[in-house]
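Hi there,

Here is the structure I promised to pass on. Have a look at it first, and then read my notes underneath.

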Amino acid sequence: MKILLIEDDHDVLSTLESIFSSFYPHSEMINIRSGEEFLRGAWKSETWNLIILDLMLPGATGFDVCQALRNHNDTKHVPIVAITGYDTLENKDRILRSGASAYIPKPFEIKDVLAVIKKYLGSASAQKSLGRSPT
Amino acid sequence: MSIRQRLGVVLVSMAALMVTLSMFFVVGGPIMVKRFARSMNAMDAYNLVRDYRSALSRKHSSLKIYLLVGESQGLNDFRDFSRDASNAWEALIKSPDLKLTQNLNEIKRSHESLKKTDEAVVDLYQRGEKAQALKLTDRDLFPQYEKLFSQVAELEKDKRNEAAENFQVFRKISERGVVLIVLVASAALVIALFLLGTLYRAVMRPLVVLRTGALEFGAGHWDHRIQVPAKNEFDTLAQAFNTMAENVRQLQLQTIHMERMSTVGQLAGGVAHELNNPLTGVLGQTQLLLDRTPSEQPEWAQLKKIEQAALRCKRIVRGLLDFSRPQEGQFQPTNINELLLSTLELCEADIKAGKVHVHKELDLSIPPINVNGPQLEQVFLNLITNALHAMDNGGSLTLKSRVTSEELVLPDRRIGHPPQKRPGPWVEITVTDVGCGIRKEDMTKIFEPFFTTKDIGKGTGLGLAISLGIVRTHSGEILVESDGPGKGTTFRVVLPLSKTQYTEAIKRKEPSPRYENPAHRR
């Protein structure tokens with residue numbers, strides 16, 4: 001289970017990492033802290049099961065990254081969960097149209113995040129027992 | 001005295017002075033001329049009389065010589081002089097001035113009889129009757145001459161005196177006239193200068209003050225006030241300037257205020273957004289802890305409190321972001337009633353859940369008005385939601401819309417100004433509930449940001465503040481009435497309507513079409 005976290009804020013990052021280590025302990029998390037870093041080809045053709053993308057990134061915007069992900073063959077079908085601290089209808093609309101699969105405004109409650117992750121990765125307990133499993 | 005009055009006085013005074021001066025000439029002139037003429041005439045008369053007397057005297061002398069010497073030359077002389085005297089007499093009696101003399105007839109008689117006697121004497125002498133001639137001369141002629149002489153001398157004297165008198169009078173009048181004219185002219189000049197002087201001062205002093213004021217305003221000193229030391233048109237002008245300056249100052253203050261609010265808003269937005277990241281950490285980690293802490297343990301309760309506090313922070317930040325975000329939507333002709341109805345639909349679930357009965361009285365003749373639809377929807381949503389929250393155990397919600405032409409007393413947006421009367425027409429939307437009402441002391445506060453009477457955790461206290469802001473952007477106002485706790489509340493949103501739109505609404509009105517609450521509602 002490979003999770004890509006595109007987020008630069010350490011508080012949010014540590015929370016996400018805590019969530020995954022608690023409920024999906026066998027998942028592998030890769031963190032990229034800026035859109036630029038990502039677009040420069042840091043993705044090394046990995047196969048990710050889930051991408052969590054913050055919209056307010058330094059450098060390239062979350063929208064651009066999202067579109068790039070959707071355009072690339074390797075990531076075309078990977079679920080992208082967009083998170084943002086600037087919750088407006090405009091942002092929500094735009095990111096969903098840019099290809100995001102889900103939208104969670106910050107600060108999020110654990111239950112909300114788990115519900116979304118469960119939708120794309122299966123339930124946590126299933127993961128625990130099954131170990132790693134590719135999509 | 002107003003400038004206009006002053007000018008009037010000056011003009012009238014000048015005119016009066018001119019007229020007075022003219023009168024002097026018009027009236028005094030003829031008088032003087034008459035006197036002078038009379039004097040001249042008297043002089044002329046006197047000269048005529050004097051000429052006559054001279055002629056008479058020469059005649060008398062020549063006769064005496066002739067009578068004495070008896071030469072024919074003497075007779076010729078006498079004849080000549082006699083003729084002269086006659087001519088002089090003719091001239092004399094022709095004079096218009098002398099015609100009026102009383103004793104002229106007497107003199108005439110004397111003159112005539114003298115002539116006869118002259119002839120008689122000369123005739124006697126020529127016939128050689130010298131002694132007779134001399135006798136007649138002594139007895140009649142010379143006495144007659146004497147008589148005539150004295151009469152003529154009398155007349156001469158009279159005329160001379162008359163001439164002198166008249167001339168005196170004329171001179172006196174002239175002198176007096178000149179003095180008077182000089183006096184009046186001087187007085188006129190002094191008065192004129194005085195009036196012009198006061199006029200000049202009445203104009204220049206305020207003008208200087210006004211000029212200074214205008215320069216101050218030009219330099220941007222809008223708290224300068226023009227004090228004109230007069231109670232005339234300049235005062236009115238100064239007041240108008242002062243009013244204008246006050247308005248500009250208010251506008252300035254308001255602009256600064258708005259800019260500040262905008263900056264604060266932007267700042268708030270930035271801060272709010274920044275807060276969301278650490279808040280994510282707090283909320284997330286707390287909930288993770290809660291998940292793995294048994295609820296029996298004391299730490300669980302404390303963790304729960306942290307979670308609630310974090311959730312409250314989330315709501316506050318949410319409210320702040322709502323307050324500060326740039327406004328969405330555009331101004332477009334919109335049907336207000338449709339907007340109301342669509343907002344109601346959004347609240348359907350809550351209405352049903354709250355067991356609230358909705359009553360609608362919408363005036364369908366209201367024409368589309370230029371509003372920002374999404375924003376007004378937010379306002380209606382806010383008001384309806386507040387109404388629903390005020391009625392915990394069910395109740396009734398009444399929505400009304402109508403046009404009205406009444407004049408309303410509305411709060412003045414300018415800082416520190418009392419409420420203003422604003423004439424209609426208006427579109428009025430009311431949202432009435434029968435819920436918990438608003439306390440009198442809270443009435444002014446409810447529109448303040450972050451003011452809420454709801455329990456902690458419910459509501460951010462920003463809804464009405466945002467709604468009021470939106471409605472004021474539409475040049476409207478939100479008014480609230482509540483009879484007190486437990487007696488329900490009515491919120492009135494008034495939006496300005498143009499006269500044309502109002503007329504259109506009146507025209508559209510059929511016998512009161514009302515959208516009543518239908519029995520079956522989807």
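**How confident the prediction is**

Among the elements of chain B, helix H3 (residues 96-99) has the lowest mean pLDDT, at 74, while strand E7 (residues 426-433) has the highest, at 94. Keep in mind that this is a predicted model. For chain B as a whole the mean pLDDT is 84, and 93% of its residues reach 70 or more. The predictor gives the complex an ipTM of 0.85 and a pTM of 0.48.

**Chain A**

Chain A has 6 helices and 5 strands. If you walk along its sequence, you meet them in the pattern β-α-β-α-β-α-β-α-β-α-α. Of its 135 residues, 51% count as buried. Try tracing some contacts too: among those in chain A with a separation of 6 or more, 67% are between residues 24 or more positions apart.

**Where the two chains meet**

The size of an interface is often given as the accessible area lost when the parts come together. Here, chain B and chain A bury about 1800 Å² between them, and 56% of that is on carbon and sulfur atoms. On the chain B side, B:Asn277, B:Thr280 and B:Leu288 lose the most area to chain A, together 27% of what that side buries. In terms of contacts, 19 residues of chain B touch 19 residues of chain A.

How many residue pairs are in polar contact between chain B and chain A? The count is 9, with both residues at pLDDT 80 or more. Two elements of chain B, helix H6 (233-292) and helix H7 (298-324), each give two or more residues to the side that touches chain A. H6(B) gives the most, with 14 residues. That side of chain B divides into 6 nonpolar, 8 polar and 5 charged residues.

There is also 1 salt bridge across the interface. It joins B:Arg318 to A:Asp87, with the closest N and O atoms 2.5 Å apart.

**Salt bridges inside chain B**

Side chains of opposite charge can pair when their charged atoms come close. Over all chains the count comes to 24 salt bridges, and here are some to find in the viewer:

- B:Arg249 and B:Glu246 pair at 3.7 Å, N to O. They are 3 residues apart in helix H6 of chain B, so about one helical turn separates them. B:Arg249 is partly exposed at 29% relative accessibility, and B:Glu246 is partly exposed too, at 22%.
- B:Arg127 and B:Glu129 pair at 3.1 Å, N to O. B:Arg127 counts as exposed at 52%, whereas B:Glu129 counts as partly exposed at 33%.
- B:Glu406 and B:Arg402 pair at 3.2 Å, N to O. Salt bridges that share partners join these two with B:Glu428, B:Glu481 and B:Arg492 in one network.

**Two residues to click on**

Is B:Thr334 buried or exposed? It is buried, because its relative accessible area is 16% and the cut-off is under 20%. B:Thr334 sits in strand E1 (residues 331-334) of chain B, and a polar atom of its side chain lies 2.7 Å from the backbone oxygen of B:Gln332. Leaving aside neighbours within four places in sequence, B:Thr334 is in contact with B:Leu339, B:Pro367, B:Pro368, B:Ile369 and B:Val371.

The other is B:Asp84, in helix H2 (residues 72-94) of chain B. B:Asp84 is partly exposed, with a relative accessible area of 34%. B:Asp84 and B:Asp51 are 33 residues apart in sequence and 9.4 Å apart in space, C-alpha to C-alpha.

Cheers!

Methods: Residues are numbered from 1 along each chain as its sequence is written. Chains are lettered from A and ligands numbered from 1 in the order in which they are written. Side-chain values use heavy atoms; hydrogens and water are left out. Contact means heavy atoms within 4.5 Å. Buried area is the accessible area (1.4 Å probe) that two parts lose on being put together, summed over both. A salt bridge is a side-chain nitrogen of Lys or Arg within 4 Å of a carboxyl oxygen of Asp or Glu. A polar contact is a pair of N or O atoms within 3.5 Å; within protein, one must be able to donate a hydrogen and the other to accept it, and residues adjacent in sequence count only if both atoms are side-chain atoms. Helices (H or I, at least four residues) and strands (E, at least two) are DSSP runs, numbered from the N terminus. Ala, Val, Leu, Ile, Met, Phe, Trp, Tyr, Cys and Pro count as nonpolar, Asp, Glu, Lys and Arg as charged, and the others, Gly among them, as polar. pLDDT is the predictor's confidence in each residue, from 0 to 100. Buried means under 20% relative accessible area, exposed over 50%, partly exposed in between (1.4 Å probe, protein chains only).
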